[in-house]
Amino acid sequence: MDFDLTDAQRMILDYGGKLAQTFDRKQWMDYSHRHEFPRHVWEQMGDDGFLGMMVPEAYGGAGLGMLEMSLLMEGMSDHGIPLQHLIVGPTMCLSHIARHGSEEQKQRYLAPACSGREVWCFAITEPTAGTNSMKITTLAKRSGRPSGAGTFRLNGQKVFITGSDVADYAIVVARTTAFQDAASKSDGFTLFIVDLNAPGVTRRPMDMSILIPERQCELFFVDVELSEADIIGEVDKGFSILFDTLNPERIIIAAMLVGLGRYAIKRAVAYANERQVFDAPIGSYQGLQHPLAEAKTEIEVATLMTYKAAWAFDHDRPAAEYSNMAKYYAAEAAIHAVDTAVQCFGGNAYTREYGIFDLYPFVRMLRTAPLNREMLLNYIGEKVLGLPRSY
Ligand SMILES: Cc1cc2nc3c(=O)[nH]c(=O)nc-3n(C[C@H](O)[C@H](O)[C@H](O)COP(=O)(O)OP(=O)(O)OC[C@H]3O[C@@H](n4cnc5c(N)ncnc54)[C@H](O)[C@@H]3O)c2cc1C
């Protein structure tokens, strides 16, 4: 067993600190207040070679794995700049196309996305299906036209799609066989690459109350023409490919949460050392010191589980157990860390100048999305412990 990072991995973890020298938390917050995508930062990351982390070098990437991807996210979050686009684009879409796309798709899409010049998002959630993705109703129906443009027509709606306001393309999870006609509940799913500027696609930004630069949008599809060349994998057999994105998504979010938790603790410790009330630094009072020490311990424990999950994924070992545990525990640890930091800052926590309370809605949201705490615990209860299913 080896707990050391390699020099390259250390460099990736440290990248967030370098980036924060020109794009710091304050600027990140300015973009968040305007809900504006910091495109120049994205392109900078592309130029620095960090967006194609999980894409083979032959297609413009770095040919690295999930561990390196999560170190990148952890390091950025450590500095309070957790870009959501890293989750939906490079981690979910690009690695997906690299693993399951056709040669034509890899040649066409990967290099511009690795350079940051084309932006991607991932769309599965629907308003009525919610957590139960089996029940999505967005349908891509064969039109009767021979192969080529217009072989399928896509109709339906997605909701909460992060970054879709500025994205060029989405991987859209659709049904090609409706739930009631499918051979099994996991049959009948197909993953399509959808050009978000195509006729029939409408994006409607949602009015969210979390402060991040990325917007969430509703997407509406009305008779969007698609062809076989837009399909990732096989018609009706998308579920197994889809499964492949779930663990990376949980792992990278866990990495983001541990980074943010560590950032909150770092800020709180600096403040608690400096702020004097009753003639002593508030950090000397155990009412603050012990919660900070607890929060720090929880964050470091969550970090280890995140690394283990990423390692298992990279080594083709079963990673679901660790990924679910990492996301569950990292969210709880980060919420506790931010809550503890809020307490340390007293009234200043709620000022824009200090920006500490601003962290709270975001980490709290991550207990619910992308997969809520209850479904993570359901997985652990059923698949790890062998308890009966309740739903
Ligand atoms: C900021 C943000 C960004 C997002 N980005 C994306 C994105 O880019 N792409 C995308 O496709 N989706 C995205 N989502 C959607 C997200 O994945 C869903 O919100 C999430 O899956 C939960 O679905 P829901 O909101 O419909 O909750 P519901 O399904 O209505 O669930 C509500 C609550 O019920 C409980 N619950 C549900 N089922 C069970 C059960 N079986 N057992 C116990 N409890 C249960 C849970 O507590 C859950 O929180 C995003 C959401 C947010 C908030």
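Pro370 sits in the loop that runs between α10 (359-365) and α11 (373-384). In this predicted model, the peptide bond joining Ala369 to Pro370 is cis, with omega at about -5°. That bond is worth a look on screen, since most peptide bonds are trans.

Backbone phi angles bring up two further residues. Most residues other than glycine have a negative phi. Phe278 is not a glycine, yet its phi is positive, about 60°. Asp316 is not a glycine either, and its phi is also positive, about 55°. Here they are side by side:

| Residue | Phi | Loop | C-beta neighbours inside 10 Å |
|---|---|---|---|
| Phe278 | about 60° | between β9 (276-277) and β10 (280-281) | 7 |
| Asp316 | about 55° | between α8 (286-314) and α9 (320-344) | 7 |

Is Phe278 buried or exposed? Phe278 counts as exposed, because 7 C-beta neighbours lie inside 10 Å, and a residue is exposed at 12 or fewer. The count for Asp316 is 7 as well, so Asp316 is classed as exposed too.

To find Asp316 in the structure, you can follow α8, since the helix is followed by this residue with its positive phi near 55°. How many residues does α8 have? There are 29 residues in α8, and the helix reaches 41 Å from its first C-alpha to its last. That span is close to the 42 Å expected at 1.5 Å a residue. Beyond α8, the loop holding Asp316 leads on to α9 (320-344).

Terms used. Residues are numbered from 1 along each chain as its sequence is written. This is a predicted model: local features need pLDDT of at least 70, side-chain atom pairs count only at pLDDT 80 or more; totals for chains, interfaces and linings use all residues. Helices (H or I, at least four residues) and strands (E, at least two) are DSSP runs, numbered from the N terminus. A residue is buried if 20 or more other C-beta atoms lie within 10 Å of its own, exposed if 12 or fewer, and partly exposed in between; C-beta atoms are placed from the backbone. The expected span of a helix is 1.5 Å times one less than its number of residues.
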